[in-house]
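Trainee: Could you take me through one part of this model closely, and then connect that part to the rest? I would love one long answer that I can follow with the structure open.

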Amino acid sequence: MKIYAAKDYADLSRKAANIISAQVIMKPNAVLGLATGSTPVGAYKQLIEWYNKGDIDFSQTFSINLDEYQGLSGEHDQSYRYFMNHNLFHHINIKIENTNVPNGLAEDAATECLRYNNIIKTLGGIDLQLLGIGGNGHIGFNEPGSAFEKETHLVTLTDQTRQSNARFFSSIDEVPTHAFTMGIKSIMSAKKVLLLATGNAKAQALYDSFFGPVTPGVPASILQLHNDCIVIADEAALSLIREKTGWESVTYDN
Ligand code: GLP
């Protein structure tokens, strides 16, 4: 695991976009595992800028997203399909048929999970998985207590996650109670993992995930066992790690 300190959000976003674009340059038909949330938006903006300059070509690239709310259609402005279309896909030359997000309206959840797992297998696995992190250490929608060995499955969202995502909806009652998410097993199978974290609200989760025990109570802690995991975080998110470990430089390599 490598942790890189970013000066600020712009620096974090540029560093992340550099790693993603290097992946696409080295393997134009790469399979990118993508994430939603506010954290990766800056990286997506940076990729769009470089695409517009002609520096990066997504025409052969595939994507597979981590998660989707159950019950929302792709046209709902809080669905993750809508988020990806508007924050990235519609602004670059990735073929929309090469992008994958779970279908929030799937009639049968088990069939949808199977379909999604098969997509990952058919694509030959994920080359680079981008991740944010929840304040409780969740990745995708794998909430504390999730079994590490799961692939795509339907989860019941915790109150904490629904509360923190309520800011995007007009009321908490509108926040879906369930979501489809790739499981920890799917995430751990990615060849490379890139986790981004900003702000004080992530400091505890970041410390627990990378300096605490590996436990399902902190889903991201499993990433300590991934052999190519990169974390980029700003100083606010790193504050507790700095305080508790005495780490002072800009890169940490275990
Ligand atoms: C949601 C998503 C996660 C994301 C998390 C943090 O719960 N399912 O994939 O990492 O929010 O979001 P943010 O980046 O907005 O803090």
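Mentor: Let's start with the side chains of Asp127 and Lys191, which are joined by a polar contact of 3.3 Å. Please keep in mind as we go that this is a predicted model. Asp127 has a further partner: a polar atom of its side chain lies 2.8 Å from the backbone nitrogen of Val31. So the side chain of Asp127 has one contact with a side chain and another with a backbone atom, and Asp127 itself counts as buried because its relative accessible area is 5%, under the 20% cut-off. In the fold, you will find Asp127 in the loop that runs between helix H4 (109-122) and strand S6 (128-131).

The backbone contact with Val31 leads us to strand S2, which covers residues 31-34. Leu34 belongs to that strand. With a relative accessible area of 4%, Leu34 is buried. If you would like a distance to check on screen, take Leu34 and Phe180: they are 146 residues apart in sequence, and their C-alpha atoms are 14 Å apart in space.

Moving on from S2, look at the loop between S2 and helix H2 (41-52), where Thr36 lies. Thr36 is buried too, at a relative accessible area of 11%. From Thr36 to Glu68 the separation is 32 residues in sequence and 9.3 Å in space, C-alpha to C-alpha.

Now turn to the ligand. Its surroundings consist of 13 residues, and the closest are Ser38, Thr39, Asp67, His138 and Lys202. By class, this shell is made up of 7 polar, 3 charged and 3 nonpolar residues. Which atoms come within a few ångströms of the ligand's own N and O atoms? In the side chain of Lys202, an N or O atom is 2.6 Å from an oxygen atom of the ligand. For His138, an N or O atom of the side chain is 2.9 Å from an oxygen atom of the ligand. Gly140 takes part through its backbone, where an N or O atom lies 3.2 Å from a nitrogen atom of the ligand. On its own the ligand has 390 Å² of accessible area, and the protein covers 93% of it. The space that the ligand takes up is the largest pocket.

Let's finish with a few more buried positions. Asn165 is part of helix H5, residues 159-165, and the side chain of Asn165 makes a polar contact of 3.1 Å with the side chain of Tyr69. Asn165 counts as buried, with a relative accessibility of 13%.

Ile222 sits in the loop between helix H7 (203-211) and strand S10 (229-234). Its relative accessible area of 8% makes Ile222 buried. Measuring across the model in your viewer, you should find the C-alpha atoms of Ile222 and Ala30 to be 24 Å apart, with their positions 192 residues apart in sequence.

Arg242 is located in helix H8, residues 235-245. Is Arg242 buried or exposed? Its relative accessible area is 17%, so Arg242 is buried, as the cut-off for that class is under 20%. The C-alpha atoms of Arg242 and Val41 are separated by 26 Å, and these two residues are 201 residues apart along the chain.

To come back to where we began, Asp127 is a buried residue whose side chain has polar partners in the side chain of Lys191 and the backbone nitrogen of Val31.

Technical notes. Residues are numbered from 1 along each chain as its sequence is written. This is a predicted model: local features need pLDDT of at least 70, side-chain atom pairs count only at pLDDT 80 or more; totals for chains, interfaces and linings use all residues. Side-chain values use heavy atoms; hydrogens and water are left out. A residue is near a molecule or strand if one of its heavy atoms lies within 4 Å of it. A polar contact is a pair of N or O atoms within 3.5 Å; within protein, one must be able to donate a hydrogen and the other to accept it, and residues adjacent in sequence count only if both atoms are side-chain atoms. Accessible areas come from the Shrake-Rupley method with a 1.4 Å probe; for residues, only the protein chains shown count as cover. On a 1 Å grid over the protein atoms alone, a cavity is a set of points where a 1.4 Å probe fits but cannot get out, and a pocket is an open set with protein on both sides within 12 Å along at least five of seven lines; lining residues have an atom within 4 Å of a point. A molecule sits in a cavity or pocket if more than half of its atoms lie within 2 Å of its grid points. Ala, Val, Leu, Ile, Met, Phe, Trp, Tyr, Cys and Pro count as nonpolar, Asp, Glu, Lys and Arg as charged, and the others, Gly among them, as polar. Helices (H or I, at least four residues) and strands (E, at least two) are DSSP runs, numbered from the N terminus. Buried means under 20% relative accessible area, exposed over 50%, partly exposed in between (1.4 Å probe, protein chains only).
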